[in-house]
Amino acid sequence: MSASAIPFDGNAIASVTQCFLGETHRLLIGGEWVEGSGELETRDPATGLVLAKFQTGGAAEIDRAVKAARTAFEGPWGRMTVAERTALLHKLARVMDANATLLTELDVIDNGMPRFIAGLTTANCVEMIDYYSGAVMRIEGTTIAPPRHIAAETEALTYTLREPVGVAGQIVPWNVPLSTAILKLAPALAAGCTVVMKPSEETPLSVLALGRMILESGIPTGVVNIVNGLGAEAGQALAEHPGVDKISFTGSTATGRKIVQAALGNLKKVSLELGGKSPVVVMPDADLSLAIPGVAMATFFLQGQNCMAGTRIFAHAAIHDELMDGVAAFAGGMKLGHGLDFATMQGPLISAAHTAKVMGYIDRAKADGLTVVAGGEQLDRPGNFVQPTIFSGCDNSMPLMREEIFGPVMAVQKIETDDLDAIAALANDTPYGLSGSVWTRDLSTAHRLVKRIRAGHVSINCHGAVGTNIPFGGYGQSGWGREFGQEGLDGYLETKAITARL
C-alpha cells in the first residue's frame, strides 16, 4: 500500500510526511545512508497498518558506526571551535523548526501519541537544541590553589578543563522517541562528543528524519550515526563496544541492568533513566478543581506510557470519594482515538503485545476483587486501545501498586492519617524513585512532604513539571545520573586537573 493511501481513521497527513513514508530507510553511518543487514517494519498502533519498512543492523554495523564516530571525534569535530559548534547546533534547531510538521506527524503515527503532545514535544526539542547551543560557550574550568608541596617550593598554577567524554552510545525508547533522542543528543554535541544512536525498533521514523536534518545542518561526517536494530543485537553490541566511552539508556529497569553488565568490559560511563511507580498524594485540603484533572493526567498522559506517570494515588479519606467521582468523570470524558485527530486525548498503546500485558494487570485486579471506578476494557476496534482505568481499594502490597504497568491504569489507596512521616513511608515503599506530586493548599505541608519523598523530581499542585533547564532523573532503581539542564551536559564532560610549576 502506498503511503498516500494509508488511512489514519480518516485523518490526513501532510504531503511531506507521505513522501517520507514512501522512501527507503537505511542506516546513517559516517555521513552516508548505507544498507543494513536486516529489515523490519513499523506499524501505526492506532490501525495496525504498516507505515514503512526500515533496514537494521547488528554488531558489524555498530562497529562501523563506532569507528566513524571515533574518526570524527579525533578529526574535524574535535578541532572545531566552540563558536563553530554553537553555530551548527543553532542551525540544526532552525532546520528542525522548519520541519516541525514532519517530526510531529511521524511521532503521532509511529508511536500513537495525541497530536497535542507530539507538537509540544517537537517544540521542546527545538528549544532544547537552542538551550544547549547556548551552553557550549559556558563550558568552563576553574582556577584553584595548587598542591601544598608544590606551592611550598615555587609559584604554581592549578586549573581544570572540562573535556568531552568521547564517543557516546545512546539507546532511545519508543514512548517519546524524538524527545528522548534530542535530550541525549543535544548535550552530547554541545560537550563535543560524537554519537552512535540506536532508535527503538518500535518507533524509528522520527529519529531517521532527524538524521536527515543533521546532515542538512552541516554537522560533519560521522559526528552522529544512527543504527536501527533490535535491542538484543544492536543495543547489546553498542553497550558492549570497547570503542564507546559512555552509554546513555532510557528504558525498563530490567534492561538497564543488562546495560550495566554489558558496559563492564571497558568500564564505560553509564547513565540510566529507568522505570518508575510515582506516588501522587492528595491531602484533605487539596484544591480539587486542580487535583481532579491534574491527578487524572498524571496517570493517563501519553496513555500512561511514560516513566514518570503518577499511577499510585494516595487519597486522604476526607476527599477520597469526591476525588474518585471527579477522576472517573474526567476519564469517561477523554476522547480515545487516532492521534492525528486534534480532539484525541488518549491514543493507542504501542503494540498488541504491550496491550496484552496491560490488560493482564487489569484482568488480575478484577479477579482479585478490586473496585473498577472507571474503564477496565480494551476497545473493540482496530488498534491497541485500552480505556483509562481506575481501581480503588488498593494497597501497597498489590501488583497494581508495586509494578510498572506502563499503561493507563490508576491504583488508588485511601489513607486516614495526617502524619507526614507515615504518608511519606507509603509513598517511599517502592524500589523506584523517579517522580511524584503532592496536592495541598498548605505550603508548609507541601514543602515538608516533598522533602520526605525519595524521588528525583517532585511537584506541588502539578505533576511531571519537566523542562529543558530542570534536571531529571531518579533515585533507587529509577536510574543513575540526570538529564536536562546543566547536569545533563555534565554527564558528557570529563574534568581534567592541570598543575604547572612557574
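The dialogue below reads a helix, a sheet and several ring contacts in a predicted model.

Student: What span does helix 5 reach from its first C-alpha to its last, and what span is expected?

Tutor: Helix 5, residues 100-111, has twelve residues and reaches 16 Å between those two atoms, close to the 16 Å expected at 1.5 Å a residue. Just after the helix, Gly112 takes a positive phi of about 100°.

Student: How many residues of helix 5 are buried?

Tutor: The general idea is that an α-helix has 3.6 residues a turn, so residues three or four places apart point the same way. In this case ten of the twelve residues of helix 5 are buried, so the helix is largely enclosed by the rest of the structure. The buried residues include Leu102, Leu103, Leu106, Val108 and Ile109, and also Glu105, Asp107, Asp110 and Asn111.

Student: Which polar contacts does the side chain of Thr104 make?

Tutor: Thr104 is found in helix 5, and with a relative accessible area of 7% it is buried. Its side chain reaches the backbone oxygen of Ala100 at 2.8 Å, and a polar contact of 3.1 Å joins it to the side chain of Thr122. Leaving aside residues up to four places away in sequence, Thr104 touches Arg115, Ala118, Gly119 and Thr122.

Student: In what order do the three strands of the open sheet stand?

Tutor: The general idea for side chains is that in a regular strand they alternate between the two faces of the sheet. Here the three strands form an open sheet in the order 5-6-20, with antiparallel pairing. Strand 5 (143-144) and strand 20 (493-501) stand at the edges, each with a single partner strand, so one side of each is left without a neighbour in the sheet.

Student: How many bridges join strand 6 to strand 20, and how many join strand 5 to strand 6?

Tutor: Nine bridges join strand 6, residues 156-164, to strand 20, while strand 5 and strand 6 pair over two bridges, also in the antiparallel sense. To follow the register residue by residue, note that Leu161 has Lys496 of strand 20 as its bridge partner, that Leu157 has Ala500, also in strand 20, and that Thr143 has Tyr159 in strand 6.

Student: How many aromatic pairs are there, and how is such a pair described?

Tutor: A pair of aromatic rings is described by the distance of the centres and the angle of the planes. The count comes to three aromatic pairs. In one of them, the rings of Trp174 and Phe406 have centres 5.5 Å apart and planes at 85°, so the pair is edge-to-face. Trp174 lies in the loop between strand 7 (167-171) and helix 8 (177-191), and Phe406 in the loop between helix 15 (399-402) and strand 16 (409-415), so the pair ties together parts that are 232 residues apart in sequence. Trp174 is buried, with a relative accessible area of 19%, and Phe406 is buried at 16%. The rings of Phe472 and Phe484 have centres 6.2 Å apart and planes at 90°, so this pair too is edge-to-face. Both Phe472 and Phe484 are buried.

Student: Which rings have the charged end of Arg212 or Lys246 over them?

Tutor: The charged end of Arg212 sits over the ring of Trp33, 5.9 Å from its centre, and that of Lys246 sits over the ring of Tyr492, at 4.8 Å from the ring centre.

Note on methods. Residues numbered from 1 in each chain as written. Predicted model: local features only at pLDDT ≥ 70, side-chain atom pairs only at ≥ 80, totals over all residues. Heavy atoms only, no water. Helix = DSSP H or I, 4+ residues; strand = E, 2+ residues; numbered from the N terminus. Expected span 1.5 Å × (residues − 1). Buried < 20%, exposed > 50% of the residue type's maximum accessible area, 1.4 Å probe, protein only. Pairing = 2+ DSSP bridges. Polar contact = N/O pair within 3.5 Å; in protein donor to acceptor, adjacent residues only side chain to side chain. Contact = heavy atoms within 4.5 Å. Phe/Tyr/Trp six-rings, centres within 6.5 Å; stacked < 30°, edge-to-face > 60°. Lys NZ or Arg CZ within 6 Å of the ring centre and 35° of its normal.
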